[in-house]
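Q: Hey, can you walk me through a few spots in this model? I'm new to this, so plain words please.

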Amino acid sequence: MTLAGKTALITGASRGIGRAIAVELARLGADVALIGRDVAALQEAAAASASARVGATAEVFPGDVTDRAAMDAIVARIVERFGTLDCAVSNAGQSIDSLLLRLTPETIDHMLDVNVKAAFHLCRAVARPMMKQRGGSIVLMSSIVGLSGNAGQAAYAASKAALLGLCKSLAKELGSRNIRVNAVAPGFIETAMTEKVPDAAKEFLVKQAALGRAGKPEDVSGAVAFLCSDAAGYITGQTLVVDGGILM
């Protein structure tokens, strides 16, 4: 599998799954554009991506994914810089856990802004150059809780479920222009975001997994790379679950 000659952008690329995706896509031959707010962390992730392959290009594009105008401008700069945009990975996201009766309007709004509206902004911005070049791949980062739900994560689960509907709708809307849209739904992945999960909950999730272990960011990045590649050229509107067998 190769991504040679392709350009890919990744949001939320400064750490965790986003960083692993940038490194993997660069390793497979893509030039990568890393988007996020933490400039120092982005620069470190870009350096790691550039080191993944001789001749790899990895550049930083700081910005707020919830700002529609900012995303339009960043995508325009990326297309101007690289001349093409073949893959877009909407990975930026956040989880704030709360039981329903304690769920504040501010939390709901934040989950929708970061996890859903940001994906809309990105898809809208990248659809135009991809339609013009008549091809591309968009990958939306969902979660298994968007498929199964989870007590204490109503806002997060709802936001991740929304991405699955967005994925299918855009796959139908953009398919005639040879633009594929798919989603990846990770399970329990060891990242900074999951460090706050209580040990008892971590042990439970690991026991639920058929593979008997937590996932690593690299487990997810390989799935994303596949969906970005020509090997997945006849796959669209699908959700690839990467959970070690939790939901079986």
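**Ala22 and strand 5**

A: Sure! Ala22 is buried, because its relative accessible area is 0%, and the cut-off for buried is under 20%. Keep in mind that this is a predicted model.

Q: Okay, which helix does Ala22 lie in?
A: Ala22 belongs to helix 1, which covers residues 16-27.

Q: And which residues is Ala22 in contact with, leaving aside its neighbours within four places in sequence?
A: Those are Ile10, Val32, Leu34 and Ser49.

Q: What separates the C-alpha atoms of Ala22 and Ser98?
A: A distance of 31 Å, and the two residues sit 76 residues apart along the chain.

Q: New topic: strand 5. Why is it largely enclosed by the rest of the structure?
A: Strand 5 takes in residues 136-141, and 6 of the 6 are buried, so the rest of the structure largely encloses it.

Q: Which of its residues point which way?
A: Gly136, Ile138 and Leu140 point one way, while Ser137, Val139 and Met141 point the other way. All of them are buried.

Q: How many bridges join strand 4 to strand 5?
A: There are 4, and the two strands run parallel. As one example, Ser90 has Leu140 in strand 5 as its bridge partner.

Q: What about strand 6, how many bridges there?
A: Strand 5 pairs with strand 6 (residues 179-186) over 6 bridges, again in the parallel sense. Here Ile138 has Val181 in strand 6 as its bridge partner.

Q: Last one: what do strand 4, helix 4 and strand 5 make?
A: Together they make a right-handed β-α-β unit, with helix 4 spanning residues 105-133.

Definitions and conventions. Residues are numbered from 1 along each chain as its sequence is written. This is a predicted model: local features need pLDDT of at least 70, side-chain atom pairs count only at pLDDT 80 or more; totals for chains, interfaces and linings use all residues. Side-chain values use heavy atoms; hydrogens and water are left out. Buried means under 20% relative accessible area, exposed over 50%, partly exposed in between (1.4 Å probe, protein chains only). Contact means heavy atoms within 4.5 Å. Two strands pair if DSSP finds at least two bridges between them. A crossover is right-handed if, with the strands pointing away from the viewer, the path from the first strand over the helix to the second runs clockwise.
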